[in-house]
Amino acid sequence: TDLVAFAHGLPKAELHLHLEGTLEPELKFALAARNGIELAEKTVEEVRATYNFHDLTSFLQVYYPAMGVLQTAEDFRDLAYAYLKKAASQGTRHAEMFFDPQAHTSRGVPFAHVIGGYRQAIIEARAEFGIQGELILCILRDFSAEFAMATLMEALPYKDWILGLGLDSDERGNPPAKFAAVFARAKAEGFLLTMHCDIDQEGSIENIRQVIEDIQVDRIDHGTNIVENDELVEAAKARGLGFTTCPISNSFVTDQMKSDEIVALLRRGLKVTINSDDPAYFGGYVADNYVALAEKADLGIEELAQLARNSFEASWLTPFRRDAYL
Ligand code: HPA
Ligand code: ZN
């Protein structure tokens, strides 16, 4: 339909995308074969049959083990290259991509191989598809604050390749405050800051308050539970904070897309953006997410265009480079 073509053609920035969440079953098989790894599932259908998530925890239980096929710098390069190619085909011009180094260093893969492979893909994709890629180092919140700090220290020599610091994985029992010192250090080193405030978590409002008031993030990932607290909504609005929402992901980790919440926040003037989160697992890249939300909430092209504009305004492009898209 017209709306589908419009959503694909709109120039967009993607701001909430986990590179490890772009591992399609076909690439997983190819990497397993290359690295001599025997997988339990033998067909793409068998792999997809394990994607019966009903919450964040059940998703993460499938997500982390799958990363075992990622071993060499070339593997990480191939993963990011495939995503950037796909993203460019859906109208993405700029992607600020999370990567989870601890999910790899904790199983013996050197940090340099991870970031070196990703960096190589960014350079190639820029030349071949005209898409600009950037990296956000994401800390796994279910590991310790000490491991987080050690990972930040390991990343410092690669500072020029990393835009900012994020926080993901299982939120339960792992509030933002646990990582206050790590994020303060990252800020002092010049990194921009964002944190996941996942959907409908216990203590969600308190965690959102911590990321805004205490950590003083530059963006919030998900964060749609803020709709329950007018004071925080006004604070986020006053600061022009971006929110990276992920409609199709929401429908997997909760029982709905949270379209009412997303659209309410957009119409209250928050800098709401639409993103794909872990597209290989949730079955939709960024334009698919625009379409899914538009169909669910009956949005027209003006509001889709607003969401795309927001994606550049909430991006961490420098003002000069950002204005080229607006
Ligand atoms: N939330 C928490 N952890 C994650 C996510 C997410 O959306 N995606 C990948 N790891
Ligand atoms: Zn995420």
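So, ligand 1 and His 196: in this predicted model, an oxygen atom of the ligand sits 3.5 Å from an N or O atom in the His 196 side chain. Asp 198 also has a polar atom facing the ligand, with an N or O of the Asp 198 side chain 3.0 Å from a nitrogen of ligand 1. Then there's Ser 169, and here the backbone does the work: one of the backbone N or O atoms of Ser 169 is 2.9 Å from a ligand nitrogen. How much of ligand 1 does the protein bury? On its own the ligand would expose 260 Å², and 99% of that is buried by the protein.

If you want the wider surroundings, there are 13 residues around ligand 1. The ones that come nearest are Ser 169, Asp 198, His 222, Asp 277 and Asp 278.

Keep His 196 and Asp 277 in mind, please, since we meet them again at the metal. Which residues supply the protein donors for the zinc ion, ligand 2? His 16, His 18 and His 196 each give NE2, and Asp 277 gives an OD oxygen, with distances of 2.1 to 2.3 Å. Written as a spacing pattern, the donors run H-x1-H-x177-H-x80-D. That brings together distant parts of the chain: His 16 and Asp 277 are 261 residues apart. His 16 belongs to the loop between strand E1 (12-14) and helix H2 (25-34), while Asp 277 is in the loop between strand E8 (271-274) and helix H14 (279-282). Are these two buried or exposed? His 16 counts as buried because its relative accessible area is 0%. Asp 277, at 5%, is buried too.

Okay, on to the strands. Arg 219 is in strand E6, residues 219-222. You might look twice at this arginine: its relative accessibility is 0%, so it counts as buried. What does its side chain pair with? The side chain of Glu 96, through a polar contact of 2.9 Å. Beyond its sequence neighbours, Arg 219 also touches a long list of residues, including Leu 15, Thr 194, Met 195, Gly 242 and Trp 316.

Follow the chain out of E6 and you get to Gly 223, in the loop that leads to helix H11 (230-239). Gly 223 is buried as well, because its relative accessibility is 1%. Outside its local stretch of sequence, Gly 223 is in contact with Cys 197, Ile 208 and Phe 243. For a sense of distance, take Gly 91, which is 132 residues from Gly 223 along the chain: their C-alpha atoms are 25 Å apart.

Another polar residue to click on is Gln 132, in strand E3 (132-140). With a relative accessible area of 11%, and the cut-off for buried being under 20%, Gln 132 is buried. Its side chain makes a polar contact of 3.0 Å with the side chain of Glu 134. Further away in sequence, Gln 132 touches Arg 93, His 94, Ala 95, Arg 126 and Arg 321.

Last stop, the nonpolar core. In soluble globular proteins, nonpolar side chains tend to be buried together. Here the largest such core has 97 residues. Which residues have the most contacts inside it? Ile 226 and Tyr 281. Tyr 281 has plenty to look at on screen: among the residues it touches are Tyr 51, Phe 53, Phe 59, Tyr 63 and Phe 252, along with Glu 20 and Gly 21.

Conventions. Residues numbered from 1 in each chain as written. Chains lettered and ligands numbered in written order. Predicted model: local features only at pLDDT ≥ 70, side-chain atom pairs only at ≥ 80, totals over all residues. Heavy atoms only, no water. Helix = DSSP H or I, 4+ residues; strand = E, 2+ residues; numbered from the N terminus. Buried < 20%, exposed > 50% of the residue type's maximum accessible area, 1.4 Å probe, protein only. Polar contact = N/O pair within 3.5 Å; in protein donor to acceptor, adjacent residues only side chain to side chain. Contact = heavy atoms within 4.5 Å. Donors = N, O, S within 2.8 Å, 3.2 Å for Na, K, Ca; no water. Near = heavy atom within 4 Å. Areas by Shrake-Rupley, 256 points an atom, 1.4 Å probe, with all protein chains shown as cover. Core = buried A, V, L, I, M, F, W, Y, C linked by side-chain atoms within 4.5 Å. Lists of a residue's contacts leave out its neighbours within four places in sequence.
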